[in-house]
Amino acid sequence: PLDREELGKATWSFLHTMASYFPEKPTKAQSEDMSRFFNIFSQFYPCESCADDFRKDVKENPPKTANRNELAKWLCQRHNVVNVKLGKPEFDCSRVHERWRDGWLD
Ligand code: FAD
C-alpha cells in the first residue's frame, strides 16, 4: 500500500534538491520545461488527495522558474502550504539551499 509519509519525504527530497541545482541562469527552454515539469508532476503524483490539493495550489501560484533562487523559494513555499495543512512547523525559506545544497552552515 502507498505510504504517504515515506513517499512524501522521498519526493520532497528529490524536488528540493532539483530546485537547488536548477541553473542560476537558465535558458528560456529550461525555465519553460521546469514549469511544465511541475504541472505534469501535479497530475501524476500518486497520492491522489495530495495531488488534488497540490494542483489547486500550483494553479493559484504558478511555478517561478526564472532562476534557481526563485524556484527554490517557490517550492519551499509550496511545501510550507502542505506543512501548515498537516500541522507541521513552517520551514525558514531563506535556508533552503543550506538544507538541500550546501549543508547547514552553523
Ligand atoms: P517532510 O514534510 O517530508 O519534509 C522532509 C524534509 O524537508 C524535512 O525534514 C525538512 O528538513 C525539509 N523541509 C520541511 N519543510 C520544508 C520546506 N518548506 N522547504 C524545504 N525543505 C523543507 N501528506 C498528507 O498527509 N496529505 C497531503 O495532502 C500531502 N500532500 C503532499 C503533497 C506533495 C506535493 C508532497 C511531495 C507530499 C505531500 N504529503 C502529504 C506528504 C507530506 O508533505 C510529508 O512528506 C510527510 O508527511 C512526511 O513528513 P516529514 O515530517 O517526514 O517531512
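**View 1. R68 and the residues it touches.** Not counting residues up to four places away in sequence, R68 touches A19, S20, Y21, F22, P23, E24, H97 and R101, where a contact means heavy atoms within 4.5 Å. This is a predicted model, so keep the cut-offs in mind: local features need pLDDT of at least 70, side-chain atom pairs count only at pLDDT 80 or more, and totals for chains, interfaces and linings use all residues. Residues are numbered from 1 along each chain as its sequence is written, and side-chain values use heavy atoms, with hydrogens and water left out. R68 itself lies in helix α4; helices here are DSSP runs of H or I with at least four residues, numbered from the N terminus. R68 counts as buried because its relative accessibility is 13%, and buried means under 20% relative accessible area, exposed over 50%, and partly exposed in between, using a 1.4 Å probe and protein chains only. One polar atom of the R68 side chain sits 3.2 Å from the backbone oxygen of S20. For polar contacts, the rule is a pair of N or O atoms within 3.5 Å; within protein, one must be able to donate a hydrogen and the other to accept it, and residues adjacent in sequence count only if both atoms are side-chain atoms. Look for K25 too: its C-alpha is 7.6 Å from that of R68, although the two are 43 residues apart along the chain.

**View 2. H97, a contact partner of R68.** H97 belongs to helix α5. With a relative accessible area of 18%, H97 is buried. Leaving out residues up to four places away in sequence, H97 touches S20, R68, N69, A72, D102 and G103. S20 and R68 thus turn up again here, having already been paired in the first view through the S20 backbone oxygen. As for C50, its C-alpha is 25 Å from that of H97, with the two positions 47 residues apart in sequence numbering.

**View 3. E98, one step along α5.** E98 also lies in helix α5, which covers residues 96-102. Its relative accessibility is 12%, so E98 counts as buried. Setting aside neighbours within four places in sequence, E98 is in contact with G103, W104 and L105.

**View 4. T17 on helix α1.** Here we move to α1, where T17 lies. T17 counts as partly exposed because its relative accessibility is 30%. Apart from neighbours within four places in sequence, its contacts are listed as W12 and W100. T17 and W100 are 83 residues apart in sequence, yet their C-alpha atoms are 5.3 Å apart in space. Closer to home, a polar atom of the T17 side chain lies 2.6 Å from the backbone oxygen of S13.

**View 5. The ligand and its shell.** The ligand sits in the largest pocket. A pocket, on a 1 Å grid over the protein atoms alone, is an open set of points with protein on both sides within 12 Å along at least five of seven lines; a molecule sits in one if more than half of its atoms lie within 2 Å of its grid points. In all, 22 residues surround the ligand, and the closest are W12, H79, K85, K88 and R99; to be near, a residue needs a heavy atom within 4 Å. Helices α1 (4-20), α3 (48-60), α4 (68-85) and α5 each supply at least two residues of this shell, with α1 giving the most, 7 residues. Side-chain N or O atoms come within 2.9 Å of a ligand oxygen at W12 and within 2.5 Å of a ligand oxygen at K85. A ligand nitrogen is 2.9 Å from a polar backbone atom of C76. Taken alone the ligand exposes 950 Å², and the protein buries 86% of that, with areas from the Shrake-Rupley method and a 1.4 Å probe.

Notes
On a 1 Å grid over the protein atoms alone, a cavity is a set of points where a 1.4 Å probe fits but cannot get out, and a pocket is an open set with protein on both sides within 12 Å along at least five of seven lines; lining residues have an atom within 4 Å of a point.
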